[in-house]
Each structure stands twice: as C-alpha cells, then as structure tokens.
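Opening the notebook on a new model today. I'll jot down what I look up as I go.

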Amino acid sequence: MSDLRVVPGDLVPPRGERRHLLSVADLTRDDVERLLATARSFSVSQERETKKLPTLRGRLVINLFYESSTRTSSSFELAAKRLSADTLNVKSAGSSVDKGESLKDTTLTLSSYDPDVIVVRHPEAGAANVVAANTRARVVNAGDGKHQHPTQALLDLYTLRETFGRLDGLHVAIVGDVAHSRVARSLVQALELVGSDAILVGPPTLVPTGLAPVSHDIASIADADVIYVLRMQKERMLPGASFVPSLGEYTARWGITPERVAAGQRVMHPGPMNRGVELDPRVADSPASLITDQVRAGLVVRMAVLYDLLTAGPVAVEAAVGVA
Amino acid sequence: MLAGPVGRENIVVRGGRVIDALEGVDAILDVRIDNGVIAQIGELLDTNEHRVVDAAGRTLVPAFVDPHVHLRTPGREDEETIATGTAAAAAGGYCAILAMPNTEPVVDDPEIVRALRTRAETEAHIPLGFFAAITKGQAGEELAELGSLADAGAVGFTDDGHPVAAAGVMRRALQYNAVTGRTIAVHCEEQTLTRGGHAHAGAVASELGIGGWPSLGESLMVARDIDLAADTGQSVHLMHLSARESVDHLRRGREAGVCVTGEASPHHLCLTDDAIRTLDPNFKMNPPLRSADDRAALVEGLRDGTISAVATDHAPHALEEKETTFEAAPFGVVGLETAFSALYTYLVEPGLLPLETLIERMSAGPAVIFGLDRPRIAVGAPANLTLLDLSGSWRVRADRLRSRSHNSWLLGERLNGRVCLTIAAGRVAFE
C-alpha cells in the first residue's frame, strides 16, 4: 500500500468560514492530503458488504447538471447516498431552465430547500461561482465550461498515489484537445501543487501555450510516467471552426496506439472516450490502463469531498467506518 | 451638430487654478461668465450680480467631450435614457457626448435622427450628438443614406458593435462620405478571428479556459481601415483601441499622412486581463482587456498624441444581464461618471500621464476629431467648464450612480480626483 505521509495537524480542515470547492486553486497541499486520506478511509468502507455509512444522514445534496454527464453525476449521487445524505438531481433539460430561468434564480429556488451542498455542472466558466454567490449551501464545481473540474483532478491524484505510491516527481503527458478541456486545466494545476509536472501534447490548434510546456510531436510522450489522454470534444467546437482537418488525421498523428506506449507507462483517460479516435482499444483494455481505477477513485474522492465540506475531518471518518 | 440645453447663466468662478494648455493658461484666476459666455478672465474680477462659485484649492479645466456613449435610446430605456445618460455625463465633467446608433431600431433613418434631436432638446442635461449607421440596419451590406442623415443632424457615422466586414462596402462608404463632411468611426474587429472569444487571447484566458479574442482580431481591421482611408483620401476614426499592434499601425499611418485618428477607453488604459481572473462580468468588454504590454502601448499612444481622444464606450447593461457567468454576460461597462477620476488615479497620480495631457485628450482631442468646437477657457468662448477637486476622493457606489445601469468595474473602489461642478453650454449641468 502507498505511503500516506499525513501528519495529524494537516487533517483538520479550516474552521469557521463556509467552504466551497470551485477550483483546484482553492486547495492547499494539506487539503489534498486530507482529502486523499479521507478517500482512502472510504475505500476501505466500500470493500465491506454494507457499503452505506450514516455520516451525512439528514443532509441534502443537490446535483444541478446543465450538461450531460454519466460518471460525474452518477458518482456524486452514489457518493451522497453511500454517506446516507438525501439527494435531489436537477437536470437543465425538463426543468425551469428550459423556460429561460436564470442560473441565479434556479439557485435561489433550490436553495429554498436548505441544501447542505450544491454540486453544479455548467457549460460556462464561473457558473459555480455564480451559484456560490447566491446560496448558503457549500458548492462543488463538477465542471464549468472549459475552466475547472477540481474533483476530476483529485480523483486523478488519488489514482496516481495508489498506482505509484507517491505524488511528487511524476511526469504526465497530457495528450489531445487541451484547449477545450477543463480536465487538463485542473490537472495541470493539481500536478504543480503536489510537485509533479505535465507536458501538453497535441495539434497546435488545440494546445494553448502558457499553461505548461507544449509539444506537437507525439514522440515527446516517450519519457512520461503517465499518458493522460483527452477526449476529442467535438461538441465544444463551434460550427465551421476546423481545428484539425479530420479525426482520421488526428488519430494517425496523436492517437495513442500500443506502439506509442512504452513499457512501464500507464495510461489514463477522464472519459467518455472515443475508442479508436484518441485511444486505441488495445491500449484502453490493456493492463497499462488505469481508466477503471479512475472511475472507482471518483466515488471515494467525491465521498471525501462531500464529507470534508460538511464535517470536521478525518477523525470522524474512522468513527464512521467503525459504525458501519 | 449638437442638440440639447443651452444656458445664459451669469457666474463668476473665483480663485481656482485655471488650466487650458491649448490657450496657454495655467494660473490662479477668476473666470466671469456673462449670459453663458466667458466674458473675462483675470484676478479679482467684479462679481456684479453674478452667482459666485468659490474655486479656491480647486482646478478649472475645459469640460470633457465623450465621443463614444451608448444611451440605449430608443429601445432599451430600461438600461439608459437620454436623461439619465446625460445626467451621468454631467456628473463626470462632460459638456457634450456623442451617442452610438446601435439602438433598437438602429439609427439609420433621417427621421430617427430628427426625433432623437428633438427629444434631446427637452430631455438632455447637456448637449449631445447622435451618430448614424454606416450601413442600413448595421448589416454591413447597403449604405445608409449618409447624405440625408448628415442633413438631419447626424454627427458622424459608425456601425459600432458590428464591424463592416466587407472591404468593398467600407471603401464605398468612405468614398461616398466625402459629400457629408462627417467622420466615419470604426469598431475594428475581424469576426472570423474573434467568434467565440470573450477575453484577450493570452495566458489568462488560456488558464481560465475562456475563448480568446486575439489582438490580431483588432489590428488586422485597423490595418485594413487605415489602408482604405489612404486609398480613398478620406478620414477614419478608430474606436476603443486595445492592442499594441493597433497603436503601432495608427502611429505609422499618421506619420505617413493618412487622415486617421484613434481613441482609447479608461478600462483599457487602467486595467489588464489580470482583472478577469475573478470572472466578474463587470470586467468583460469588447474589445477585451489585454496584456500589460498592450496597456503600456495605449498609455504611451495617448501621451504622445497618436491616440488623441479618451472615449468611455459607456455601455449600460441591465443588472440581470450581468448577474450571470462571464461567458454568458454581454460585453461592456459604464464609464461616464468615473472616467476622469479613474484616469487621474491610475495614470496621472502615478506619473504615467501629465494632467494637462489628460484634460486635452478628454476635451479638445475628441471635439476636433468630430468637427466640434473645442471647449476652451478664453474670452468669447461658450462656457464649457469643469471644476475639479484633485485632492478629494470618493468611493464608487452603485446607489450613487446617476446612470440607470451600474455595471461598473469600479464598484466599491476609492478614486482620487472629484468633479465638483460642470458647466455645459453656458449652464450649470452638475454640482
């Protein structure tokens, strides 16, 4: 098992102020250690026959999703349920959003139910900040436009820690459509926070400068510990904007094939993947792939985030695990 | 070309520091106004029966002219009206403003110009001029009736907010505009480069994941329009410049003798794209806030006269339109009431721009571009005067703004330099 290297003093979350998780920039290194340690505790609880913990009984978690999502929405819902919280799932389709209700008004409406946490996903940067400004609940950003997706970054760090036994000194090649990726933006910040680094690899039209070192040559993934493959997000490209000539040309130059993965390298993908486009199915299904580990980590990390925002810290985790 | 109230007030402004660099004045003097016209400038003037304004410790300057204001009238009177917009302008030290034509409907018909000018006579707090569109409906295709619009009193032409994309249409407009004697003002944006852009295409937008609006999106159009001005021999005014490359093009064009002028806005002169990190929609403008280097180029351009006018691009938006995410919010901020104080605080006090230069760029500079009489402190000139308290400071508060909209990037900020009194066209418009 990996070394948690957590000193007890690090495990106490800041008291008093109402906290949110809007951006990786909100986190300190201590916060990361505390959250990963809490997630680890929950992963132990998830190996038991009775997986439900009573910790957040009577609390209300609202999942407010303005974009389609499978793993993020399902893992937040399951995380809340495994902690015995009530959940309310609101999707923009079929809700008052369809009738033109503003984000502010939807937030005010849902806040009338006195939720403890609002988890929000939205196609525009800063949406979670707008929600936070209009509610007394804690707010978790589950993805805002191309801006941030902090719980994804945390679950990726959790996966790295479980796999490599450490977080520092890792070299991660992030490959693909970085420009449209909130996952990439959050991950670059998170890696920097824990002492690892990233290189961004992909077509010049899809890799912005200024975030991390950039390469347009797929050969530059050779010395990475991890190849982090991004989805080609077709739905984010405006009509008529031709970022790459074709998906076929993209796959030929930047697709992750068995030939491009060196021995010992591990492969990650935030999902959903386009098999055969950015990632060869032979790689996705190989032992080098950490993709299903990431999904499992998503559940326990989101449990840890909900728990951390609503309670006093990991001492209670031990108690909670004991009760179950 | 201006419409609005004209006064015949009798006032003596006593003992202020009077600055009008173009008239060669900088001294402690009295200024006597008879029937709205400056009658005498000197020491210890007779007050007669005049109202006396004690200006001791204060600074009297030519009042300001804003060549770029959105009054939202007709169509969006919930955001601004002729009355509220001109009241805000008077409070900012302005004696004249020029209103943009991107209203609902667009000002592209002589009847609309005449109707607005008639309304201004009774509703406005200071004189104002109305731009008309270059093309019908600002659609960039057919020329509006430039001659008839000028005859109806349009102060100039612009498709602000909607650049004339087709070079051929822009060239025709410039050629034909020779008959009107008015100036064509252009919003420089190559929209195939800026579509989906909400912020300067730089490191901050990359980090935030906000779509980029690159400097090239502006400078490419600046270069085109300077070349078109050279080709047609007509004048072009470049509005709200934001990028270093644009300032460089403008400087070269002017040195080559092209009839081209430029303006810059307080927010671009005071801020950089660092300010958008909060994702506060009150920092979302078009063109966007750019890098420190771009800001430095704008300040240098304003200082050396390459950019000869400050323009607020006062763009009121309803509260509900800005109470949303950065990407969903409309572009634009209000600026009339804060322009002088912001520039005084951000540029003059730190030593980046002399006070005299700021006054000139806010007053004579914009007036001259549009063929208006420049406000001046000289005997025989109509009284267009602003009294400033340079040692005073004030906090910008939404509930104190006269504008109907409060989308200011300065809310809550303390600014130095305060407008105490504005005399516009011989009439006290603000005190």
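**Odd backbone spots in chain B**

I began with B:Gln138, which counts as buried because it has 22 C-beta neighbours inside 10 Å, where 20 are enough. Worth noting up front: this is a predicted model. I looked at B:Gln138 for its backbone, since phi there is near 55 degrees, a positive value in a residue other than glycine. I placed B:Gln138 in the loop between β8 (128-132) and α3 (146-151) of chain B.

Next I pulled up B:Asp313. Its phi is positive too, about 55 degrees, although B:Asp313 is not a glycine. Buried or exposed, I wondered about B:Asp313? Buried: I get 29 other C-beta atoms within 10 Å of B:Asp313, against a cut-off of 20 or more. B:Asp313 is in the loop between β15 (309-310) and α11 (319-322) of chain B.

**Cis peptides**

I then went through the cis peptide bonds I had flagged. In chain B, B:Asn286 and B:Pro287 are joined by a cis bond, with omega about -5 degrees. I find B:Pro287 in the loop between α9 (266-270) and α10 (292-304) of chain B.

In chain A, I noted that the peptide bond from A:Gly271 to A:Pro272 is cis, with omega near -10 degrees. Where does A:Pro272 lie? I traced A:Pro272 to the loop between β9 (266-268) and α8 (281-284) of chain A.

**Chain B as a whole**

Stepping back, I have 14 helices and 18 strands for chain B. The radius of gyration of chain B is 21 Å, close to the 22 Å that the globule rule gives for 431 residues, so I put chain B down as being as compact as a globular protein of that length. Along the principal axes, I have the C-alpha trace of chain B spanning about 65 × 45 × 45 Å. I count 60% of the 431 residues of chain B as buried. For contacts in chain B between residues at least 6 apart in sequence, I note that 77% join residues at least 24 apart.

**Chain A and a helix pair**

Chain A gives me ten helices and nine strands. I looked up burial here as well: 48% of the 324 residues in chain A are buried. Of the contacts in chain A with a separation of 6 or more, I have 74% going to residues 24 or more positions apart.

I picked one helix pair to look at. Helix α1 (residues 29-45) of chain A packs on helix α5 (residues 150-164) of chain A at an angle of about 70 degrees, and their axes are 10 Å apart. I log α1(A) as roughly perpendicular to α5(A) because of that angle, the range for that label being 65 to 115. The crossing of α1(A) past α5(A) is right-handed.

Which residues make the contact? From α1(A) I listed A:Val32, A:Leu35, A:Leu36 and A:Ala39. From α5(A) I listed A:Leu154, A:Leu157, A:Tyr158 and A:Arg161. By class, I sort the residues of this contact into seven nonpolar, no polar and one charged.

**Where the chains touch**

Last, I checked the contact between the chains, with 19 residues from chain A and 16 residues from chain B. On the chain B side, I see the largest share, four residues, coming from helix α6 (residues 203-208) of chain B. I also split that chain B side by class: six nonpolar, five polar and five charged residues.

Terms used. Residues are numbered from 1 along each chain as its sequence is written. Chains are lettered from A and ligands numbered from 1 in the order in which they are written. This is a predicted model: local features need pLDDT of at least 70, side-chain atom pairs count only at pLDDT 80 or more; totals for chains, interfaces and linings use all residues. Two residues are in contact if their C-beta atoms, placed from the backbone, lie within 7 Å. Helices (H or I, at least four residues) and strands (E, at least two) are DSSP runs, numbered from the N terminus. Ala, Val, Leu, Ile, Met, Phe, Trp, Tyr, Cys and Pro count as nonpolar, Asp, Glu, Lys and Arg as charged, and the others, Gly among them, as polar. A residue is buried if 20 or more other C-beta atoms lie within 10 Å of its own, exposed if 12 or fewer, and partly exposed in between; C-beta atoms are placed from the backbone. The radius of gyration is taken over C-alpha atoms; the globule rule is 2.2 Å times the number of residues to the power 0.38. Axes are lines fitted to C-alpha atoms, for helices over the stretch in contact, and angles run from 0 to 180 degrees between N-to-C directions. Angles under 35 degrees count as roughly parallel, over 145 as roughly antiparallel, 65 to 115 as roughly perpendicular and the rest as oblique. A crossing is left-handed if the near helix is turned anticlockwise from the far one by less than a right angle, and right-handed if clockwise.
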